[in-house]
Amino acid sequence: MQKRPENVILKKTEDFSDRIVKMYKYLQNKKEGNGDILKQVLRSGTSVGANTAESKYAQSEADFLTKLTIALKEANETKFWLKRLYSGDYLSEAEYKSIVKDNEEIINILVKITGTLKRRMQK
């Protein structure tokens with residue numbers, strides 16, 4: 001039996017969600033006054049992985065596209081909140097660049113996947 005290839009986007013979004021949770025816990029203990037932003041980035045950042053995971057058992061190609069489009073929107077929202085954490089001096093430049101790099105990689109992959117699906121569905 002041939003081994004199935006790893007689902008790259010699922011793995012990346014799961015790892016990213018784990019990283020968001022760790023960042024949340026770290027920043028929650030580090031500074032006062034960042035609670036609302038932290039809650040927002042926790043919600044959107046973990047939603048990326050949750051929606052990607054849901055797409056694995058989509059009921060149709062349209063449902064699959066919907067789940068991944070939501071994941072893309074959540075990844076974009078997460079980028080917004082991460083920038084707020086950086087501009088508010090809650091994240092150092094190195095911390096920000098590291099996590100945003102992962103976020104942008106996920107965004108780029110999701111843009112490619114959803115674009116390909118949309119083109120295929122229009123045929």
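Guide: Start with one yardstick. A residue is buried under 20% relative accessible area, exposed over 50%, and partly exposed in between. The model here is predicted.

Visitor: Why is R19 called partly exposed?

Guide: The relative accessible area of R19 is 28%. Partly exposed covers the range between 20% and 50%. R19 falls in that range, so partly exposed is the label.

Visitor: What makes R19 and D102 a salt bridge?

Guide: Their side chains meet at 2.4 Å, N to O. The cut-off is 4 Å, from a side-chain nitrogen of Lys or Arg to a carboxyl oxygen of Asp or Glu. The distance is within that limit, so the pair counts. In general, side chains of opposite charge can pair when their charged atoms come close.

Visitor: Why is it said that R19 and D102 tie parts of the chain together?

Guide: R19 sits in helix α1 and D102 in helix α4. The tied parts are 83 residues apart in sequence. D102 is partly exposed too, because its relative accessible area is 29%.

Visitor: How many salt bridges are there by this rule?

Guide: The count comes to seven. Another of them joins the side chains of E54 and K67, at 3.2 Å, N to O. E54 belongs to helix α2 and K67 to helix α3, 13 residues apart, and the pair links distant parts of the chain.

Visitor: Is K67 buried or exposed?

Guide: Buried. Its relative accessible area is 19%, and the cut-off for buried is under 20%. Its partner E54 has 42%, so E54 counts as partly exposed.

Visitor: What separates K97 and E93 in helix α4?

Guide: About one helical turn, because they are four residues apart in helix α4. Their side chains also meet in a salt bridge, at 2.9 Å, N to O.

Visitor: Why is K97 called exposed?

Guide: K97 has 53% relative accessibility, and exposed means over 50%. E93 has a relative accessible area of 43%, so E93 is partly exposed.

Visitor: How do you know that S17 is buried?

Guide: S17 has 10% relative accessibility. That is under 20%, so S17 counts as buried. S17 is placed in helix α1. Leaving out residues up to four places away in sequence, S17 touches G45, T46 and G49.

Visitor: Which label fits Q40?

Guide: Q40 has a relative accessible area of 26%, so partly exposed fits. Q40 lies in helix α2. Beyond its neighbours within four places in sequence, Q40 is in contact with E77 and W81.

Visitor: How far is Q40 from S55?

Guide: They are 15 residues apart in sequence, and 22 Å apart in space, C-alpha to C-alpha.

Visitor: What makes a set of residues a nonpolar core?

Guide: The members are buried residues of listed types, including Leu, Val and Met, joined through side-chain atoms within 4.5 Å. The largest such core here has 26 residues. M23, V41, L82, L85, L91, I106 and L110 have the most contacts inside it. In soluble globular proteins, nonpolar side chains tend to be buried together.

Visitor: Which elements give two or more residues to this core?

Guide: They are α1 (8-30), α2 (35-55), α3 (61-87) and α4 (93-122). Helix α3 gives the most, with eight residues.

Visitor: Which residues does L85 contact, leaving aside its neighbours within four places in sequence?

Guide: L85 is in contact with M23, L27, I37, L38, V41, Y90 and L91.

Conventions
Residues numbered from 1 in each chain as written. Predicted model: local features only at pLDDT ≥ 70, side-chain atom pairs only at ≥ 80, totals over all residues. Heavy atoms only, no water. Buried < 20%, exposed > 50% of the residue type's maximum accessible area, 1.4 Å probe, protein only. Contact = heavy atoms within 4.5 Å.
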